[in-house]
Amino acid sequence: MFLAAAGLGLAACATPGPRSQAPGAPGAAVQPTAPGSSPGAAAPGSAEQPPPAPSHNPRLDAVTAALVKEAHGQATSGAYGAAGATLERALRIEPDDPLLWVELGRVRLADGNPDQAEGFGRKALTLAGSNPSVQSEAWRLIADSFKVRGRNVEAVDAERHALGLSPH
Amino acid sequence: MLYLDRLVTRQFEGRRWTLPARVYAAPLELYAGLALTGGDLEQELERLHYRRVTQLDRPGSYRVNGTRIDVALRPARFADERRDAELLSIFTGPEGIESLRDATGREVPVLRLEPLLIGSIFPIHGEDRIIVTPQEVPPLLPAALKAVEDRKFDSHHGIDPQAILRALWVNARAGQIEQGGSTLTQQLVRSYFLSSRQTLSRKTREAIMAIALDAHFTKEDLMNAYINEIFLGQDGDRAIHGFGLASQFYFGKPLAELDLSEVALLVAVVRGPSYYDPRRHPDRSHARRDLVLKELVAQHVVSAQDAAAAARRPLGVTSRPAGAYYPAYLDFVRRTLRRDYREQDLTEAGLTVYTSLDPRVQEAAERALEHELARLDRPKKHPEGPLEGAVVVTSPESGEVIAIVGGRNVGYDGFDRALDANRAMGSLVKPFVYLTALESGRYNAATVVQDAPVDVPLANGRHWRPENFTHETYGAVPVVRALADSLNLATVGIGLDIGLPKVAATLGHFGLERPPEQVPAMLLGAVNVTPLEAAELYNGLANGGFRSPLRAVRAVIDADGKALKAFPLEVTPVASPAAVYELDRMLVAVMNRGTGRAARAYLPPDLVVAGKSGTSSDFRDSWFAGFSGSHLAVVWVGYDDDAPTGLTGSAGALPVWAHIMAALHTRSWSAPMPEGLAETEIEYPTGLRVARGCTDDAVAVAVPASADIPAKPGCVLPGLTTLIDRAHEWLRNLVH
């Protein structure tokens with residue numbers, strides 16, 4: 001289970017695809033700016049402008065992909081501690097990448113720590129913005145963490161989220 | 001005699017030096033896209049004492065060729081891998097690193113520099129050393145030791161009778177016992193087996209034991225033991241033993257990389273580590289180094305030419321001893337490890353400890369605190385003692401502590417205020433009052449609350465009547481303003497409405513371990529915390545409502561390189577992400593127009609930061625806690641004896657905080673707005689919804705999309721404006 005999901009994560013990580021929405025697109029994440037920073041900023045004392053979305057830096061994809069690949073190798077041989085440490089390296093480089101949080105949650109789950117796996121899934125959700133495929137990855141992790149703990153009702157709800165459906 | 005022989009042989013054979021745990025900073029990760037210019041990179045290499053050369057020769061050197069930097073990396077050990085010495089080419093541009101290539105020209109995605117040694121955990125008044133194998137010793141060192149200390153080392157039987165007679169003659173003449181005549185073997189015996197009291201009977205024992213050692217062991221073995229054993233300096237409570245550590249202690253680099261002048265200096269120091277201390281007595285040690293060089297020429301160890309060149313070199317000693325740089329940080333590391341290890345394991349078992357300390361951030365924090373305290377303390381308000389301070393810096397999403405300053409005298413290994421100063425947090429508590437209110441669903445950033453006199457009858461029959469800082473009341477104000485301007489009365493009103501137990505519970509969820517006393521004054525910060533605890537509380541706010549217990553230790557490995565213990569990242573949701581986002585946006589307003597706005601003068605204009613000031617009663621504590629997208633810093637300023645400082649959080653701690661943030665390569669705070677929230681603008685004084693450009697006194701807030709916020713008459717087209725604003729915003733971003 002771990003490997004299949006992890007492989008999926010790697011594919012998403014390595015492909016510079018539509019990871020998060022374009023900055024400023026309607027419905028995208030909003031971030032405040034400091035006063036005076038936006039071109040349209042008015043006189044001092046005016047409101048901060050609502051502003052560019054949090055940035056995922058596509059230049060870092062190759063870097064984090066290399067570390068994710070290394071982590072997969074470590075996890076495959078059962079070295080979950082080492083895999084986790086390698087993914088933490090990746091997270092220090094790109095902490096806003098929700099898929100890295102999902103990856104780390106997968107390692108925790110495989111290592112028998114479903115509570116932490118859920119925490120990582122929820123952290124990934126807060127970074128996913130309105131990207132449905134990333135949200136789905138995070139919800140699937142959360143669903144799996146519930147299943148392992150025998151919390152089936154919550155698992156089904158989380159799975160519905162993963163499929164883009166509204167929960168029961 | 002037989003007894004001594006047995007004693008010496010057995011002890012020496014089973015010798016195992018006690019090896020203090022060695023503590024390392026976080027290694028610098030290099031990768032394409034890292035915002036590190038060529039100049040920054042050179043600084044990092046210099047910090048690790050890489051030498052800039054024109055022709056790469058051995059590990060520990062680098063060459064600059066325009067925007068390309070070639071580095072001969074040293075072999076390095078990390079918690080998870082061992083890396084051999086290798087060549088790396090780094091290509092830099094104006095934005096930072098563009099690419100990394102190995103010796104064959106192949107692209108390298110990511111690579112770590114070796115971590116900086118930041119100290120060791122040694123017993124009190126204990127020996128510290130780094131063991132070196134004969135392969136790690138430059139051949140010049142044993143040759144020089146023999147030439148200067150013991151010319152007949154290779155041929156004598158442990159003692160040199162001629163030298164002893166010479167020494168006795170000198171001693172008799174001088175009427176007192178003086179140093180001299182000892183072979184390297186005798187010095188080894190003295191250091192290894194005996195106390196340093198100089199008596200004649202001790203001298204005899206020493207001679208007998210030296211003969212015994214010489215009879216049982218090879219010269220190579222004895223030389224290696226000497227190189228690892230001998231005392232070469234004192235650093236506070238720490239005794240520097242062996243050339244491996246001495247090389248790090250004086251030059252900040254491995255023994256193998258020392259050149260002739262540096263080897264000569266260490267050999268000079270052997271004779272009297274205190275008398276010839278190159279930091280305290282540079283002239284003395286310089287003269288003796290040159291004497292050693294002359295002796296090396298006389299003994300045909302080096303050529304006159306090489307010696308002359310070496311004599312022209314400066315001492316090359318680092319200004320501060322390597323290791324023990326950061327006592328407050330090491331203190332935290334030590335306390336963490338004591339939970340899992342016996343003291344003896346830490347000081348003797350040769351463990352290696354990898355931490356998350358970022359030397360760049362640590363130095364920025366030390367500089368900012370020293371500099372600002374010196375400025376604030378100038379009027380000398382308090383005769384009792386200097387104004388003190390402490391700083392904790394974390395990386396919010398990893399929960400890693402990356403810098404700790406325990407006081408203004410940063411090299412001093414004493415009272416660690418970051419961990420032990422337990423002080424009233426003042427208004428630093430307010431965000432947790434507001435977060436509790438937001439989570440209740442009954443308040444949002446635009447909710448209008450009353451800032452009005454409060455009178456709470458207490459159990460003891462007295463009344464609690466808090467006041468605002470200005471002693472004024474502000475009447476109806478929106479929540480965002482009550483927080484941004486740190487209005488006490490509005491905050492108490494909200495807190496009492498929500499309930500003290502709920503506020504206390506929020507603090508507990510975010511990591512406050514001792515439950516606060518649930519009195520109304522708690523709402524204004526009658527809660528004691530250490531700067532480290534404050535950092536843990538705020539780390540959860542900076543991390544979107546996820547708690548990560550703060551940690552400094554990444555991994556511990558044993559002397560054989562086996563991983564013993566890791567401290568993996570933990571992430572636990574402790575608050576609604578939407579409420580935390582809403583709160584964080586208000587903390588951005590604190591910085592842009594509230595009590596934190598003075599920081600803007602020091603920060604890059606487009607850097608988004610969030611934070612909160614805190615001042616305890618009678619100005620005893622000046623706090624500031626705040627974060628960007630990649631760093632959280634908590635600063636405390638006050639007197640050790642709790643005397644009033646006359647400083648608010650904004651006047652004392654804030655400038656320290658701002659200087660730290662300004663010195664870091666830090667990213668703007670940003671987070672995707674959680675679903676269910678909407679961006680809106682309200683008038684700062686009234687909380688009424690306004691259209692952009694309608695008033696110059698508006699503030700942007702995030703509120704639940706369902707929130708019904710009354711519009712300012714004539715200032716908004718109901719229901720339409722936000723949409724138009726967003727379209728504008730979207731178009732503007734398309735154009736850019």
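A crossing of two helices is left-handed if the near helix is turned anticlockwise from the far one by less than a right angle, and right-handed if clockwise. Keep that in mind for the first exercise.

The model is predicted, so local features need pLDDT of at least 70 and side-chain atom pairs count only at pLDDT 80 or more, while totals for chains, interfaces and linings use all residues. Residues are numbered from 1 along each chain as its sequence is written, and chains are lettered from A and ligands numbered from 1 in the order in which they are written.

**Exercise 1. A helix pair in chain B**

Task: work out how H16(B) and H21(B) pack, and which residues make the contact.

Solution:
- Start with the elements: helices (H or I, at least four residues) and strands (E, at least two) are DSSP runs, numbered from the N terminus. Here the helices are H16 (residues 430–439) and H21 (residues 577–593) of chain B.
- Next, the geometry. Axes are lines fitted to C-alpha atoms, for helices over the stretch in contact, and angles run from 0 to 180 degrees between N-to-C directions. H16(B) and H21(B) pack at an angle of about 140 degrees, and their axes are 9 Å apart.
- That angle makes H16(B) oblique to H21(B). The classes are: under 35 degrees roughly parallel, over 145 roughly antiparallel, 65 to 115 roughly perpendicular, and the rest oblique.
- The crossing of H16(B) and H21(B) is right-handed.
- Now the contact (C-beta atoms, placed from the backbone, within 7 Å). H16(B) contributes B:Pro431, B:Tyr434, B:Leu435, B:Leu438 and B:Glu439. H21(B) contributes B:Ala579, B:Val580, B:Glu582, B:Leu583, B:Met586 and B:Leu587.
- Finally, sort these residues: nine are nonpolar, none polar and two charged. Ala, Val, Leu, Ile, Met, Phe, Trp, Tyr, Cys and Pro count as nonpolar, Asp, Glu, Lys and Arg as charged, and the others, Gly among them, as polar.

**Exercise 2. The surroundings of H16(B)**

Task: find how many residues of H16(B) are buried, and what covers them.

Solution:
- A residue is buried if 20 or more other C-beta atoms lie within 10 Å of its own, exposed if 12 or fewer, and partly exposed in between, with C-beta atoms placed from the backbone.
- By that rule 10 of the 10 residues of H16(B) are buried, so the helix is largely enclosed by the rest of the structure. Among them are B:Lys430, B:Phe432 and B:Thr436.
- The cover includes helices H17 (479–484), H18 (488–498), H19 (500–509), H20 (531–542) and H21, as well as strand E28 (610–615), of chain B.
- H16(B) is followed by B:Gly441, with a positive phi near 85 degrees.

**Exercise 3. Strand partners**

Task: identify the partners of E25(B), then say which strands stand at the edges of the open sheet that contains E14(B).

Solution:
- Two strands pair if DSSP finds at least two bridges between them. E25 (residues 553–557) of chain B is joined by four bridges to E15 (residues 352–355), running antiparallel. In this pair, B:Tyr354 has B:Ala555 as its bridge partner.
- E25(B) is also antiparallel to E26 (residues 563–566), through three bridges. Here B:Val556 stands opposite B:Lys565.
- E25(B) and E26(B) form a hairpin with five residues between them, and B:Gly561 in the turn has a positive phi of about 85 degrees.
- Five of the five residues of E25(B) are buried, so this strand is largely enclosed by the rest of the structure.
- Turn to the open sheet: its three strands have the order E12-E14-E13 (chain B), with mixed pairing. E12 (127–129) and E13 (231–235) stand at the edges, each with a single partner strand, so one side of each has no neighbour in the sheet. The twist averages 35 degrees from one strand to the next.
- E12(B) and E14 (residues 238–241) pair in the parallel sense over three bridges, and B:Arg129 has B:His241 as its bridge partner.

**Exercise 4. One loop residue**

Task: is B:Leu36 buried or exposed, and which residues does it contact?

Solution:
- B:Leu36 lies in the loop between strand E2 (29–31) and helix H2 (38–47) of chain B.
- B:Leu36 is buried, with 20 other C-beta atoms within 10 Å.
- Leaving aside neighbours within four places in sequence, B:Leu36 contacts B:Leu41, B:Gly96 and B:Ile97.

**Exercise 5. The two chains**

Task: describe the elements and buried share of each chain.

Solution:
- Chain A has seven helices and zero strands, and 53% of its 168 residues are buried.
- Chain B has 23 helices and 32 strands, and 51% of its 736 residues are buried.

Methods
Contact = placed C-beta atoms within 7 Å.
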